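Below is a walk through one protein structure, from a single loop residue outward to the sheet, the pocket and the cysteines. Keep the coordinates open while reading.

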Amino acid sequence: PGYLIVQEAHSRGIPVRPVPGVTAVAAALCVCPVKIKDYIFAGFLPKSATGIRKSLGNYFTLGVPVVAYASKRVLNRIAGVIAEDYPGTAVFAAREMTKKFEEYVLFRETSGFLAWTQQPRLGEFTLVIIPGKTGGLLSDSK
């Protein structure tokens with residue numbers, strides 16, 4: 001139930017940071033303010049919009065969040081595909097985890113995520129992509 005503490009901290013503006021560990025997947029999930037029981041790890045999504053679209057379409061049929069790594073070059077394409085094809089999707093973005101310029105943002109709207117990816121940002125990204133029809137994962141969130 002750690003997500004409840006993380007969720008409350010986020011709502012109060014209290015930064016939550018992961019402890020450096022073996023994998024960025026675990027680090028991102030432990031600071032994500034959304035209740036996640038099951039997920040699929042996609043690694044790096046394809047570089048082309050067509051490949052991203054196909055991969056996300058396949059993963060979303062499972063009805064669970066998708067955790068994926070992204071580079072800055074591909075991040076914009078991922079956001080574009082999500083905004084265009086999956087408008088009910090939420091995204092938790094973790095950038096530069098456990099480093100000086102770390103950043104953690106939950107986007108409930110695809111338009112916010114798309115706008116965020118348009119800003120000049122560097123670093124490594126771990127995304128928790130939450131399909132719109134996952135039984136209300138965000139309904140518990142504030």
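Does T98 count as buried, partly exposed or exposed? The model is a predicted one, and in it T98 has a relative accessibility of 36%. Buried requires under 20% and exposed requires over 50%, so T98 counts as partly exposed.

T98 sits in the loop between β3 and β4. Its phi is near 60°, a positive value in a residue other than glycine. Most residues other than glycine have a negative phi. E96 is also found in the loop between β3 and β4, and its phi, near 55°, is likewise positive in a residue other than glycine. For E96 the relative accessibility is 15%, so E96 counts as buried.

The two strands that this loop joins are themselves paired: β3 and β4 run in the antiparallel sense and share five bridges. Two of the residue partnerships can be followed in the model. R95 has E103 of β4 as its bridge partner, and A94 has Y104 of β4.

Which strand pairs with β3 besides β4? β5 does, also antiparallel, through six bridges. Here V91 can serve as the example, with I129 of β5 as its bridge partner.

How much of β3 is buried? Six of its six residues are, so the strand is largely enclosed by the rest of the structure. In a regular strand the side chains alternate between the two faces of the sheet. In β3, A90, F92 and A94 point one way, while V91, A93 and R95 point the other way. The residues of both sets are buried, R95 included.

These pairings belong to an open sheet of five strands. Its order is β1-β2-β5-β3-β4, and the pairing is mixed. At the edges stand β1 (40-44) and β4 (103-107). Each of these has a single partner strand, so one side of each is left without a neighbour in the sheet. On average, and with direction ignored, neighbouring strands are turned by 15° against each other.

Strands of this sheet also contribute to the largest pocket, whose volume is about 270 Å³. Its lining consists of 19 residues, and those nearest the pocket centre are T23, A24, M97, E124 and T126. The elements that supply two or more residues to this lining are α2 (24-31), β2 (66-70), β3 (90-95) and β5 (125-130). What is the make-up of the lining by class? Eleven of the lining residues are nonpolar, four are polar and four are charged.

The last topic is the cysteines. The structure holds zero disulfides. C30 is in no disulfide, and the nearest cysteine sulfur, that of C32, is 9.8 Å away. The cut-off for a disulfide is a pair of cysteine sulfur atoms within 2.5 Å, so a separation of 9.8 Å does not qualify. C32 is in no disulfide either, with the sulfur of C30 as its nearest cysteine sulfur. The two residues also fall into separate accessibility classes: C30 is partly exposed, with a relative accessible area of 43%, whereas C32 is buried, at 2%.

Notes
Residues are numbered from 1 along each chain as its sequence is written. This is a predicted model: local features need pLDDT of at least 70, side-chain atom pairs count only at pLDDT 80 or more; totals for chains, interfaces and linings use all residues. Side-chain values use heavy atoms; hydrogens and water are left out. On a 1 Å grid over the protein atoms alone, a cavity is a set of points where a 1.4 Å probe fits but cannot get out, and a pocket is an open set with protein on both sides within 12 Å along at least five of seven lines; lining residues have an atom within 4 Å of a point. Grid points are joined across faces, edges and corners, and a volume is the space filled by probe spheres set on the points. Helices (H or I, at least four residues) and strands (E, at least two) are DSSP runs, numbered from the N terminus. Ala, Val, Leu, Ile, Met, Phe, Trp, Tyr, Cys and Pro count as nonpolar, Asp, Glu, Lys and Arg as charged, and the others, Gly among them, as polar. Buried means under 20% relative accessible area, exposed over 50%, partly exposed in between (1.4 Å probe, protein chains only). Two strands pair if DSSP finds at least two bridges between them. Axes are lines fitted to C-alpha atoms, for helices over the stretch in contact, and angles run from 0 to 180 degrees between N-to-C directions.
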